[in-house]
Amino acid sequence: MTTDWQALGKKILFNCTNRIPVTLARGKGSRIWDDKDKEYIDFVGGWAVCSLGHCHPVIVEAVEKQSKILVQSSQLYYMIPMLQIADSLVKNSCMNRVFMCSSGLEANEGAVKLARRYGKLKLNGAYEVITALDSFHGRSLAMTAATGQPHYQEPYEPLPPGFKNVPFNNIEALKAATTEKTCAIMLEPVQGEGGVNIPSDGYLKAVRAWCDEKGILLILDEVQTGVGRLGTLWGYQTFGIEPDIMTLAKGLGGGIPVGAFLSKEHCAVFQYGDHGTTFGGNPLACATAYAVFNYVLEHDIPGTAKKSGQYLLSGMEKLKDKYPFISEVRGRGLLAAIYFKEDISQALLTRCLETGVLVNSVKPNAIRIMPALNIPAKDIDEGLVRLDKALAGFLK
Ligand SMILES: Cc1ncc(COP(=O)(O)O)c(C=O)c1O
């Protein structure tokens, strides 16, 4: 007897996600198959997570090996895989201290707690964090308050105080919102969930200068942009600045849930008892992250993502030339979006299922493309051919 997984899911899962009617069963590289063995080019990459593609041998081997050594212990102790990945992150970034956790929101929560602790100790109790409209920082109550998208916030009001959301890419708005209560500004280098919003040249440099002038911290949420996504190892390198605190998750484990927040020494103000988590530093997750990170460094995956991103963007430009209903294509590295003149992204996504490519509907009028960072050129080509076929159905 075969199971109707989608009917089962509708019955027993919380219906808080508008699930796409496909049941994914297995993946290899940048291709993924459903339970009826239909193949798709995966332009979603597990939501910008599967940096090396599905079931990469490095990940398979790391999971297999570590699962026979030690799977879980506790941050009460020193754990070798946690120390190895933390050491490698520090050696390859501008940061000095690391806290390992399990997801993006957890990394951001920790970063905000660190900034508040800094505010208490060094800024006369300042606690407010300024974030951007159209940002996305996670789904806890505090990160919902940080996320500048009212439709995520309204169902859960009242939200925890201490966050102000101002327009992105607007230095004057940040300046106007800064008061003696401000301890930090938190931004994504490129807004992902907000629609692949790339700031103009100089914006992040101006933010950095403003934070320095005011003595407040700059937190960069690199949960989506970190570990090569923008074509540089860290998003901050793309924009020529250094944050005080940086958060990571998604691509760090290549598919295994792992996150981290890192800070420079001057704001590493946590003391015993200030923060903790059960699963953070989990040896299985950290050994995998360490293996993925080594591979990323040794094979210049950020450089690969940069070249592939340019190749993808040139293919997207050709689609724009062909279809007058495309208003804009944009991207940095392998974080890209196609904007339409009308709200067709949900319908397009359904059409893409038929033609065999997974894309993400990031806005009613935009799709996002964020494949594995090592996606081969032939899979980019094939994905674009399948997207092209789906787009053809929208010609009037
Ligand atoms: C920039 C950014 N920050 C934070 C998060 C939240 O990460 P998680 O879903 O792992 O909690 C996301 C998730 O999409 C993200 O894109």
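**A guided look at the fold and its ligand**

Visitor: Which two elements flank the loop that holds Pro 158?
Guide: Happy to start there, with a reminder that this is a predicted model, where local features need pLDDT of at least 70, side-chain atom pairs count only at pLDDT 80 or more, and totals for chains, interfaces and linings use all residues. Residues are numbered from 1 along each chain as its sequence is written, and side-chain values use heavy atoms, without hydrogens or water. Helices (H or I, at least four residues) and strands (E, at least two) are DSSP runs numbered from the N terminus. The loop with Pro 158 lies between α7 (150–153) and β6 (163–166).

Visitor: What is omega for the bond joining Glu 157 and Pro 158?
Guide: Most peptide bonds are trans. Glu 157 and Pro 158 are joined by a cis peptide bond, with omega at about 5°.

Visitor: What is the phi of Ala 48?
Guide: Ala 48 sits in helix α2 (residues 45–48). Most residues other than glycine have a negative phi. Ala 48 has a positive value, near 65°.

Visitor: Which side chain places an N or O atom 2.7 Å from a ligand nitrogen?
Guide: Polar contacts with the ligand are pairs of N or O atoms within 3.5 Å. Leu 105 uses a backbone N or O atom, 2.8 Å from a ligand oxygen, while the side chain of Gln 224 has an N or O atom 2.8 Å from an oxygen of the ligand. The 2.7 Å pair with a ligand nitrogen belongs to the side chain of Asp 221.

Visitor: How much of the ligand does the protein bury?
Guide: Accessible areas come from the Shrake-Rupley method with a 1.4 Å probe. Taken alone, the ligand exposes 390 Å², and the protein's share of burial is 83%.

Visitor: Which helix gives the most to the shell around the ligand?
Guide: The shell has 13 residues (a heavy atom within 4 Å), and Gly 104 and Leu 105 are among those that come nearest. The helix giving the most, with 3 residues, is α5 (residues 104–122).

Visitor: Are α12 and α14 roughly parallel or roughly antiparallel?
Guide: Helices α12 (residues 301–322) and α14 (residues 377–392) have axes 11 Å apart and pack at about 20°. Angles under 35 degrees count as roughly parallel, over 145 as roughly antiparallel, 65 to 115 as roughly perpendicular and the rest as oblique. That angle therefore makes α12 and α14 roughly parallel.

Note on methods. A polar contact is a pair of N or O atoms within 3.5 Å; within protein, one must be able to donate a hydrogen and the other to accept it, and residues adjacent in sequence count only if both atoms are side-chain atoms. Axes are lines fitted to C-alpha atoms, for helices over the stretch in contact, and angles run from 0 to 180 degrees between N-to-C directions.
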